[in-house]
Amino acid sequence: MAETPLADVFVEMADTLVDDFDVIEFLHVLTERCVELLGVSAAGLLLTDQRDTLQVVAASSERTRLLELFQLQTDQGPCLDCFHSGQPVSVADLTLTTARWPRFTAAAAEVGFAAVHALPMRLRSEVIGALNLFDVRPGSLDEDKLRIGQALADVATIGLLQHRAIHRRDILTEQLQTALNSRVLIEQAKGILAERLQVDVGQAFAILRAGARSRNRRLSELSQAIVDGSEQLAPGPAADRPG
């Protein structure tokens, strides 16, 4: 099914249960592992903030992040329906859903996506977000892959809910809000790097992540340093890869 063994991915996801981990990096890894394991073109992740408002927290590509943002701005799309219902929403051919989600369908076609499969991030009755899988080819996702995708979403949900919280909603809200605040810093740092290094935003994010890993720093900490000018990054091997 993929180059990365399934067991290794679940071990990697289980690292959320340790005392300290980088929430934003973990969620980006989750989207990337979904692409590797499930054979989809891209993945995105939506989580609720302290006001129970959905926010884009991670995406495997820049075009996916922008499509997720558009979905939130227009308040329509399969990922929102998945979150509100708490049930999976699978659309094998988006050209057949123009009446249901006209603006989302047009935006998805514009960036090259033809199918979407949204999976709830849910623990019992509590839904905290949705894991969304996009494909450039129309077609359904087989049951085995859907089960694996849902299992990954479930592991991530449990990890987020239990991290320093033990099912306490107030701690979860604080953690998610911190992640969303970090997201703002990261977006600012991406823009600064893109302009400074003359690369696109996707490449800038790859450089930022590579810099954080090489320095053993959190993405949010390094982003803050980029924004306030106390640190700089030079283009490296990550700049040569597509964003």
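This text walks through a sheet and the helices around it in a predicted model.

Start with the sheet. Strands of a sheet pair through backbone hydrogen bonds, either parallel or antiparallel. Here, five strands form an open sheet, and their pairing is antiparallel. Read across, the order is S2-S1-S5-S4-S3. Which strands stand at the edges? They are S2 (54-59) and S3 (89-91). Each has a single partner strand, so one side of each is left without a neighbour in the sheet. The sheet also turns from strand to strand: neighbours are rotated by 20° against each other on average, direction ignored.

Now look at one pair. Strand S1 covers residues 42-48 and runs antiparallel to S2. Five bridges join the two. One residue to find is glycine 44, whose bridge partner in S2 is alanine 59.

A helix packs on this sheet. Helix H2, residues 23-38, touches S1, S2 and strand S5 (126-135). The direction of H2 makes about 145° with that of S1.

Next, turn to a pair of helices. Two packed helices are described by the angle between their axes and the distance between the axes. Helix H3 spans residues 62-74, and helix H5 spans residues 102-110. Their axes come within 10 Å and cross at roughly 165°. An angle over 145 degrees counts as roughly antiparallel, and H3 and H5 are therefore roughly antiparallel to each other. The crossing is right-handed.

Which residues meet there? From H3 come Leu67, Phe70, Gln71 and Thr74. From H5 come Arg103, Phe104, Ala107 and Ala108. By type, the residues of this contact are five nonpolar, two polar and one charged.

Definitions and conventions. Residues numbered from 1 in each chain as written. Predicted model: local features only at pLDDT ≥ 70, side-chain atom pairs only at ≥ 80, totals over all residues. Heavy atoms only, no water. Pairing = 2+ DSSP bridges. Helix = DSSP H or I, 4+ residues; strand = E, 2+ residues; numbered from the N terminus. Axes fitted to C-alpha atoms, helices over the stretch in contact; angles between N-to-C directions. Contact = heavy atoms within 4.5 Å. Parallel < 35°, antiparallel > 145°, perpendicular 65-115°, else oblique. Left-handed = near helix turned anticlockwise from the far one by under 90°. Nonpolar A, V, L, I, M, F, W, Y, C, P; charged D, E, K, R; others polar.
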